[in-house]
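Me: I want to go through some of the labels attached to this structure and hear the reasoning behind each.

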Amino acid sequence: MASVLIIQQVMKHYRRPFFCQLHDSLSMQGIDLTVAYSDPNSAHASRNDGAELPEPWGVKVKAYWLFNKLLYQPLWSQIAAADLVIVGPEIKYLVNPVLLLMSALRLKRVAFWGLGPNLHPDRSAVAEWIKSHIFTQVDWWFAYTATIADYLARKGMPEERITTVQNASDTAELRRLMSDIPDQEVAAAKIALTGRSDSRIGFYCGMMQRIKSLPFLIRTAKKVKEKLPEFHLVLIGSGPERAWLEDAVGGEPWIHYMGSKFGRESALYYRMADVFLLGGTAGLAVVDAFAAALPLLATKLPTHPPEISYVLDGENGRLAPHDEGAFADTIVDTLSTPSMMSRLRAGALKSSDRYTMEAMVNNFSTGIRKCLISSGIKTRADVSSLQEQG
């Protein structure tokens, strides 16, 4: 049986369904998947969003951190056993130089998986320079989005060795949970939270960290409240900015910070919301918003991750200048225009049918199989097919 090793820094709760589905898909094709991951470092532990994978294919290994930035994971036996090793391109993975050397010497098939260039405002220029010179020095690439695939092709990666994964989250589960919540429960929860049935709710669910521009979002929300008295802001999530947020909204009864919520609890707030608001960088929140039929209202930033390409201004969301007044006007205009709300909701729901975890799993498993076949490694499915032809 062909074997694949995927190396992750940590296991996030939103990634667990993907890996479980990918494992099942690959097993049906005669491909053995192992996913290795570690506990988070101190900087990430506060996010409270970790998960575990089933053993034995989910392998948890000890993490050795250098300066809380560089990660060494002792995975040499798993690497030796794998026909294909998939890892992120970040230089924090201290195993990557060895993997790149093994790939260059044709000792191991190695693939990168990720978002390509890091546009985080705190990124290291040196690290990005190094990455730009190793991006294409692998056997295969699993790109988050089509925009990243285009970027890699421009950098010299052969297009036939790039798989566009179409990064997504488990939206099917979110939609199922939402559909199971009765309208009466949603209405009652909305009144209990906001004090009125006609409240207009702007919603944010995600990490509470600096790149999400929470101060900007709060200031913008206050401007919206001045023009739209029935407006309420609901925020869900945790992270380094949690303490600041709790202090900042303490005197604002119309701003509701609910902490971390998962599963049905989270789905209830998605049901109550009218629009999804992003003052800072986007991410997989885009996909979740679409699954909930929520128009995504965000600002134009050069630091957005590639998932922002899913947002089509005026079709499934709106993109405003990164200015508090302009963003507030966009929010008020959207919430106050029923025809626009209807159009954007329909567009978001249509987009949710495209950006699904099922499609991501199919794209990823197809790419893995193509990569293995290109190096002469046959899967059980390939052997069976040849036997049938014979």
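The exchange below takes the labels one by one; the model is a predicted one.

Me: Why is the pair of F203 and Y270 called edge-to-face?
Reply: The ring centres of F203 and Y270 are 4.8 Å apart, and rings pair if their centres lie within 6.5 Å. Their planes stand at 70°, and planes over 60 degrees apart count as edge-to-face. The pair is therefore edge-to-face.

Me: How many aromatic pairs does the whole structure have?
Reply: A search of the whole structure gives 16. Ring pairs also join F18, F19, W113, F142, Y144 and F364 into a cluster.

Me: What makes F203 and Y270 a link between distant parts of the chain?
Reply: F203 belongs to strand 10 (residues 200–205) and Y270 to helix 11 (residues 263–272), with their positions 67 residues apart in sequence.

Me: Are F203 and Y270 buried or exposed, and how do you know?
Reply: Buried means under 20% relative accessible area. F203 has 0%, so F203 counts as buried. Y270 has 3%, so Y270 is buried.

Me: What is the angle between helix 8 and helix 11, and why does it get the label it does?
Reply: Helix 8 (residues 183–194) packs against helix 11 at about 80°, with the axes 10 Å apart. Angles of 65 to 115 degrees count as roughly perpendicular, so helix 8 is roughly perpendicular to helix 11.

Me: Which residues meet there, and of what classes are they?
Reply: From helix 8 come D183, E185, V186, A189, K190 and L193; from helix 11 come R264, L268, Y269, R271 and M272. The contact of helix 8 with helix 11 has six nonpolar, no polar and five charged residues.

Me: And how do you know which label suits helix 7 and helix 11?
Reply: The axes of helix 7 (residues 171–179) and helix 11 come within 9 Å and cross at roughly 75°. That angle falls in the range of 65 to 115 degrees, so helix 7 and helix 11 are roughly perpendicular to each other. Helix 7 contributes L174, L177 and M178, while helix 11 contributes G263, R264, A267, Y270 and R271. By class, the contact of helix 7 with helix 11 has five nonpolar, one polar and two charged residues.

Me: Where is P182, and what makes it partly exposed?
Reply: P182 sits in the loop between helix 7 and helix 8. Buried ends at 20% and exposed begins over 50%; P182, at 37%, lies between the two and so counts as partly exposed. The C-alpha atoms of P182 and L228 are 28 Å apart, with 46 residues separating them along the chain.

Me: Why is G367 called buried?
Reply: The relative accessible area of G367 is 1%, and the limit is under 20%, so G367 is buried. G367 is in helix 15 (residues 357–374). Leaving out residues up to four places away in sequence, G367 touches W140, F142 and T163. From G367 to W141 the C-alpha distance is 8.8 Å, although they are 226 residues apart in sequence.

Me: What surrounds Y37, and is Y37 buried or exposed?
Reply: Y37 is in strand 2 (residues 31–37). At 2%, under the limit of 20%, Y37 is therefore buried. Apart from neighbours within four places in sequence, the contacts of Y37 include Q8, V10, M11, L53, V59 and Q73. The C-alpha atoms of Y37 and I6 are separated by 8.7 Å, and the two are 31 residues apart along the chain.

Me: What makes K62 count as lying over the face of Y64?
Reply: K62 is at 5.4 Å from the ring centre of Y64, and the distance limit is 6 Å.

Me: Why are Q166, S213 and the bond between E55 and P56 worth listing?
Reply: Most residues other than glycine have a negative phi, and most peptide bonds are trans. Q166 has a positive phi of about 65°, and S213 has a positive phi near 50°. The bond joining E55 and P56 is cis, with omega about 5°.

Me: Are Q166 and S213 buried or exposed?
Reply: Q166 has 14% relative accessible area and S213 has 18%. Each value is under 20%, so Q166 and S213 are buried.

Terms used: Residues are numbered from 1 along each chain as its sequence is written. This is a predicted model: local features need pLDDT of at least 70, side-chain atom pairs count only at pLDDT 80 or more; totals for chains, interfaces and linings use all residues. Side-chain values use heavy atoms; hydrogens and water are left out. Rings of Phe, Tyr and Trp (its six-membered ring) pair if their centres lie within 6.5 Å; planes under 30 degrees apart count as stacked, over 60 as edge-to-face and the rest as tilted. Helices (H or I, at least four residues) and strands (E, at least two) are DSSP runs, numbered from the N terminus. Buried means under 20% relative accessible area, exposed over 50%, partly exposed in between (1.4 Å probe, protein chains only). A charge sits over a ring if NZ of Lys or CZ of Arg is within 6 Å of the ring centre and within 35 degrees of the ring normal. Axes are lines fitted to C-alpha atoms, for helices over the stretch in contact, and angles run from 0 to 180 degrees between N-to-C directions. Angles under 35 degrees count as roughly parallel, over 145 as roughly antiparallel, 65 to 115 as roughly perpendicular and the rest as oblique. Contact means heavy atoms within 4.5 Å. Ala, Val, Leu, Ile, Met, Phe, Trp, Tyr, Cys and Pro count as nonpolar, Asp, Glu, Lys and Arg as charged, and the others, Gly among them, as polar.
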